[in-house]
Amino acid sequence: MRERSRSRFAAVAVAVLCGTLALAGCGTQDSAGAEGNAGSDKQEKFGLKGDPIKIGVAEPITGPSAGFGVDQVTATVWAANQINKEGGINGRPIELKIIDTKADPQLGIAAVKRFTDLEKTPAFIAGFSNVVSAVAPIADRSKTLALSVGANAPTIAKLGEYTYTTFPLADVDLTALAQYTHGTLKKVNAAVMYINNDTGKYGAEVYRDAFEEAGGTVVAFEAYQPTDSNFAGQIARVKAENPDIVHIQGLIDDLPQVIAQLRQAGVNAQISTYSAGYNPELIDKLGDAAEGLIVTNLAPTVESSPAVADYVRRWEDDKGREPNGLPYTMYFYDAVYVVKNVVQHVLDAGQDLTGTNLAKALVDIGQMNLPLTGDITFNADHTVSKPVYLMQVKDSKFEQIAEIK
Amino acid sequence: MDNGLQIAWSSTTVSAPYVLLAVSFALVLKVSKIWNFSQPAAMGIAFYAMIFGTVTMGLPLVLAVPIGIVAAILFNVLVESIGFRSLRARRAPSMTYFIFTLVMTQLVGYIILMLAGSQGRILGNTILYETFNVGRLTISVWDLRAVGVAALALLLFAMFIRSSPWGARMLAVSNNPDLAALHGIRVSTVYLLTMSISGILVGLAMYLLGSRVAITPEFGLAIIVETVAAVIIGGIGNVWGAALAAIGIRLVQGFSVLIFPSLWQGFIVYVFMFVVIIAVPSGVPGLVSRLSKTVRTSLRGPEKAIA
């Protein structure tokens, strides 16, 4: 009897738990309903009968970075569909082969090996510095064009012969930011706080070197661990130096905490960060403490570009929200167009569709005008040149304060 | 000096939720003799149930927090009544418990990931709290809340253990479950009660953590090593030792920045935990007990010789 009542209690408990979890899901954004979200944006060929041109996409669709990854994948699917709708490439549709990496290098390697060994894609698109770094040697060995999107560690340019970035590396926007804050805003003493990973470390070093080269002094250079939630020690050291500006090189999940704790500790100096901070969520979490924050942005805004306005409207119509990391998704969208342009170039030249020919075509073409991010120049040293937009939070919204070419 | 005081205060207040988690883990280990690695799953369920309460139902936090606590209790009761009970009945080795709890954590983590997404979430509208100064010390409303909630929870827990008949039964079962059963104590009920209390502590910890930092479905797994380290350093079976060790780890982490480059902070904390665990496997209280015994013996020695 007792056993039966226990079983009944257990069954009720299971039901309540499942119900709670299911309902909790109802209240969330669809951002990391990862597979479902990406899957809801079906790839379409619009009746194109030619042999598909396969392009790999290695991105986190699950895991901690899926909030960004899913939206970036959605952007690539939209771009491929748009290209196919407009006739594809010489009548051949683009077919994306999307594989989840969880932003894990090991899974990235497995994904790219599948692209090169099984799917035989002549090119692939990949995001996240750690994944791009891990898969670059495979791109070289298999002579496959690897397009890095969103990863901004300066080392990306030196990863290999076949790895190119479509995204400005950290030295582009951080150098512009450091020069602007010293030269225009007249900040003399800077403190730098950074997350202890590739993105944080390299970006912080670039900012420090650029700020000092511009004539300023970096008075504190403090790291924090990715799992930290208490930055009292680092903030105490920053506060002791009384800097004019604090630059934070972190990730979207830790940036609000660092800024909140700085403000709570009475650090009232100007705060800046890079493009990871260009996210409305940051303002939501920080409220008034976000006011005055300066962030970099590497893409045109809704206000300055009708194409971007249309793109954001589509997100709001389809998903009921803006994409996570809007500029990153724009670069992913345009990355498919970069592939289209180089494939077109190779096919028009009557060459075979190989990674070698595609990589050569990228440098030969050099300048492109892309649908969302506009003009871009691919340099032979595997970097790109782009204007940098500086944004500042004013009245709980990002406003452009400078464009640096 | 000011820096030291501020770091000591911040590290202590930030350790409040970690203290609750360490006490929860140590309690289950003491009474049920199980290394409960499903605690991160309970943490995730508690937090996302609170998110459900605030976001989906539009409830104020004061009502959403009990929902999270109840969800954590239900989960822990399920783990005990379905998992641990059947493993005990089959006389499963301790490694099976370990694997079972880890599997539970991974399973729940994936379910939460699929349902709620992987983006970091916070409880309430902001993680920015009002601050005020006491001398050169900056204190935030969250600091007071964390210390208050943790202190009150631990006080009630201590009173329950010391003064209630069920507390006495828990102590009896933790000492010898077979003997306790012979004295008429329903051991299975004590195990359920232990997991329920663990659920309450976990729920309160997640309320404090979620109102300060962005929580992801994998958050619990990321800090379980620190929790287990606190339990070992505090002395296995010593619930209050685990609480003090959790504070100690945070203090070491905070103060390490004043001595070593901040880049080494994570490394220093793990070196500290490694050294203490290797040097004092029975925990700091065990070391203190051994030392005091040695001192007593050496003091008694000459007396005996004289006698």
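Colleague: How do accessible areas come about here, and with what probe?

Modeller: Accessible areas come from the Shrake-Rupley method with a 1.4 Å probe, and for residues only the protein chains shown count as cover. This is a predicted model, in which local features need pLDDT of at least 70 and side-chain atom pairs count only at pLDDT 80 or more, while totals for chains, interfaces and linings use all residues. Residues are numbered from 1 along each chain as its sequence is written, chains are lettered from A and ligands numbered from 1 in the order in which they are written, and side-chain values use heavy atoms, with hydrogens and water left out.

Colleague: OK, what does chain B expose?

Modeller: Chain B exposes about 13700 Å², of which carbon and sulfur atoms supply 71%. For chain A the exposed area is about 15100 Å², with 49% supplied by carbon and sulfur atoms.

Colleague: And how much of each chain is buried?

Modeller: With buried meaning under 20% relative accessible area (1.4 Å probe, protein chains only), buried residues account for 53% of the 307 residues in chain B and for 59% of the 405 residues in chain A.

Colleague: Switching topic, which charges does chain B carry?

Modeller: Chain B has 19 positive and 8 negative side chains, and the centres of these two sets lie 12 Å apart. Lys and Arg count as positive and Asp and Glu as negative, without His and the chain ends, and each charge is placed at NZ of Lys, CZ of Arg, CG of Asp or CD of Glu.

Colleague: What about contacts in chain B?

Modeller: Taking contact as heavy atoms within 4.5 Å, 74% of the chain B contacts between residues at least 6 apart in sequence join residues at least 24 apart.

Terms used. Buried means under 20% relative accessible area, exposed over 50%, partly exposed in between (1.4 Å probe, protein chains only).
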